[in-house]
Amino acid sequence: MRKLIEVRNLNIAYGGKAGWTNVVQGVCFEIARSEAFGLVGESGCGKSTVAYRLLGHGTIDSLVQTGEVMFDGTDLLQLDAGSLTRLRGNRIALVPQNPTTSLSPSMRVGSQIREMIATHRALPDGMSMANRIVELFALVGLPDVSHRYPHELSGGQQQRVAIAMAVACNPDLLVLDEPTTGLDVTTQRQIIQLLGDLRARIGMAMLYVTHDLALLAQIADRMGVMYAGQLVEVAPCDELLSAPAHPYSRGLIASIPTMDGTDRQPRGLRGLLRRDQMSTGCKFEPRCGFATGACRTTPQFLQPVGDTRSVACMKWQEAAVPQTPAAKARQDAKAAARGDRLLSIADLNLCYRKSSIFDRLFGKASPPVVREIDLELRAGEVVALVGESGSGKSTIARAISGRLPPQSGSISLDGSLLAPALGSRSLEQLRQIQYIFQNPDASLNPRRSIRAILERPLDHFGIKADKQTLEAVLENVGLHAGYLDRFPDQLSGGERQRIAIARALLVNPKLLICDEILSALDVSVQARIVELLRSLKEKHAVAMLFISHDLAVVQQFADRVAVLYRGELMQLADTDTLLNAPIHPYTEMLLEAAPGLSKDHYVSHPPAMPMSRAVPGVGCPLAGRCPRQVGDICAETRPPVRKTGNGFIRCHVPADRLAFHAGRPGQQPLAEAVPGRLRS
């Protein structure tokens, strides 16, 4: 196939007057027209640095030492600012990792897309601007949200708007920097199918930067694995994931949690990436189980080892064994016996808009966005809260932390009723509940060093700590003492998230609210963080509300799972029961949408798109989308709560009838179900 873009011997350094540090070395790869190429590796390996150079982007403290980025015969590194401006958004477009910083907070999202189309004169013939914008929103699974500002959308909705803006001009190349990091599994699936459709329809090529290898397996044709600024393996996606050749590729894949029916526990890679301690030879040598003396002194470069694969390792034949993890006996339990009740939520209703004086005079209340939530956590227990973007997961977390006073209902900690607002809670209650946010960019002060960021909560709560304490907590989250004197903008997205986790752990909380905290981390660091959190749970009885869309991680870590849809709890059950024998139709939908390392099941059963017309708080919120719907009762009557063996479901259909149809994901695809009646 004809090459669209080719990267040749790219070397990039960061620094300034004090000197330059090489961070990308000798990177070479090519992408053909309509091909999807994935770039993977641990946080800080240089993936995003390379990706942004494909748009001619570079920070003021970065320098391209050598290399070329040839796009359709033109070296992008030699273009002036005007030429790059005409190219960006039109022929090469970007979907960034963090939509919060890529969307203007002062402009409605429809106006931002209109500006993109008008700038490049990319309106299709015979179509009005308004219709084109509505069409783009529909492509990414959104209604017409033109009139909304970014802050009025959830994180997942913001990311879909960013994707709609990027594809507005039908670009030749789409650069995606962790584009689905903040999205739930069903939305991820819709986005992947959208990108696949765009490739087929307009021949769009893609560079997909991610740490999610399972998701990459669904979209990429080939992938390159980066370590410490170098490509160490390039191969077709299915070949690399089934039989990795480089020891680092093998370690990455071993770190991935799966939902394939086996009980393989993911394990993190040995040691940490320390650029200041790398040998003059192979950069992976300090962490490699196959290393010899020659590896320490002999640099390794990509070499062809077949028609379609290149590897930078002299020991690749020893490392290249098929990854077929042996099944082992199931653990008797995920955790030790749970302790006393720590957190209790009763009849919680939440609303963002306060009732006006006229509403109160006429007895009208603002409709809640979260309704009738009853939930409890015990000491040392992990309860996962899962559901699609916009379902209300983070809204519940905000209420528990005191940042959103409830419309009605109560929240208690250790038997004591918590004040609704954060400012009315005691210092000790504030210390006991710590919140780790999804987006570290918005939770870390860019003007303070990492040392100051970590010391501030210690000072606030009157906790004495020394340098060794700070170094120890950094080590726990996969960083080292050298980070203490850095600033957030000198860290990658994954490194910033690890700092946010370390800050929360420093004050020894009783309850951690973890809001998608692993979404920005690569798989090897995810495994390390999960082990750290599991250790805190077992040794110190730290309870956690674990908000996530990654069901494979939930399976490895959580004791119980609460499934939320449009502000209502649909099901609550022990993790093994819920994930291996789902009962509620919505739970089955989520499990069907979870990606694995194989394309077959993921691609062959597209998910149902939301079509619900149910009135919030009246009928079942899943009505119109549910494959087990029973006539009009589901849309018109609120479903009852039905007890199950170790939890409950909210559904009109009896649990035993639902259980008759339920099975492990993949056995009975919901796409075959007929809405409006039960399967016989």
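This dialogue reads the helix packing and one sheet of a predicted model.

Me: How many helices and strands does the protein contain, and what share of the residues is buried?

Reply: The predicted model holds 25 helices and 24 strands. Of the 680 residues in the protein, 53% are buried. Among contacts with a separation of 6 or more, 68% link residues 24 or more positions apart.

Me: How does one read the packing of two helices, and at what angle do H4 and H6 pack?

Reply: One takes the angle between the two axes, then the distance, then the residues that touch. Helix H4 (residues 109-119) and helix H6 (residues 155-166) pack at about 20°, and their axes lie 9 Å apart. H4 is therefore roughly parallel to H6, since angles under 35 degrees count as such. The crossing of H4 past H6 is right-handed.

Me: Which residues of H4 and H6 meet?

Reply: H4 contributes Val109, Gln112, Ile113 and Met116, which meet Val161, Ala164 and Met165 of H6. By class, the residues of this contact of H4 with H6 comprise 6 nonpolar, 1 polar and no charged.

Me: At what angle do the axes of H4 and H5 cross?

Reply: The axes of H4 and helix H5 (residues 129-139) cross at roughly 110° and come within 10 Å. H4 is therefore roughly perpendicular to H5, as the range for that class is 65 to 115 degrees. H4 passes H5 in a right-handed crossing. On the H4 side the contact involves Val109, Gly110, Ile113, Arg114, Ile117 and Ala118; on the H5 side it involves Met129, Arg132, Ile133, Leu136 and Phe137. This contact of H4 with H5 has 8 nonpolar, 1 polar and 2 charged residues.

Me: How does one read a sheet, and what is the order of the strands in the open sheet of 8 strands?

Reply: One follows the strands from one edge to the other. The order here is E18-E19-E20-E15-E21-E22-E24-E23, and the pairing is mixed. Strand E18 (433-436) and strand E23 (641-644) are the edge strands, each pairing on one side only. On average, neighbouring strands of this sheet are turned by 20° against each other, direction ignored.

Me: How many bridges join E15 to E21, and which residue of E21 stands opposite Val386?

Reply: Strand E15 (residues 382-386) and strand E21 (residues 560-565) run parallel and are joined by 4 bridges. Val386 stands opposite Val563 in E21.

Me: Which strands of the sheet does helix H18 touch?

Reply: Helix H18 (residues 493-505) packs on the sheet and touches E18 and strand E19 (511-515). The direction of H18 makes about 180° with that of E18.

Methods:
Residues numbered from 1 in each chain as written. Predicted model: local features only at pLDDT ≥ 70, side-chain atom pairs only at ≥ 80, totals over all residues. Heavy atoms only, no water. Axes fitted to C-alpha atoms, helices over the stretch in contact; angles between N-to-C directions. Parallel < 35°, antiparallel > 145°, perpendicular 65-115°, else oblique. Left-handed = near helix turned anticlockwise from the far one by under 90°. Contact = heavy atoms within 4.5 Å. Nonpolar A, V, L, I, M, F, W, Y, C, P; charged D, E, K, R; others polar. Pairing = 2+ DSSP bridges. Buried < 20%, exposed > 50% of the residue type's maximum accessible area, 1.4 Å probe, protein only.
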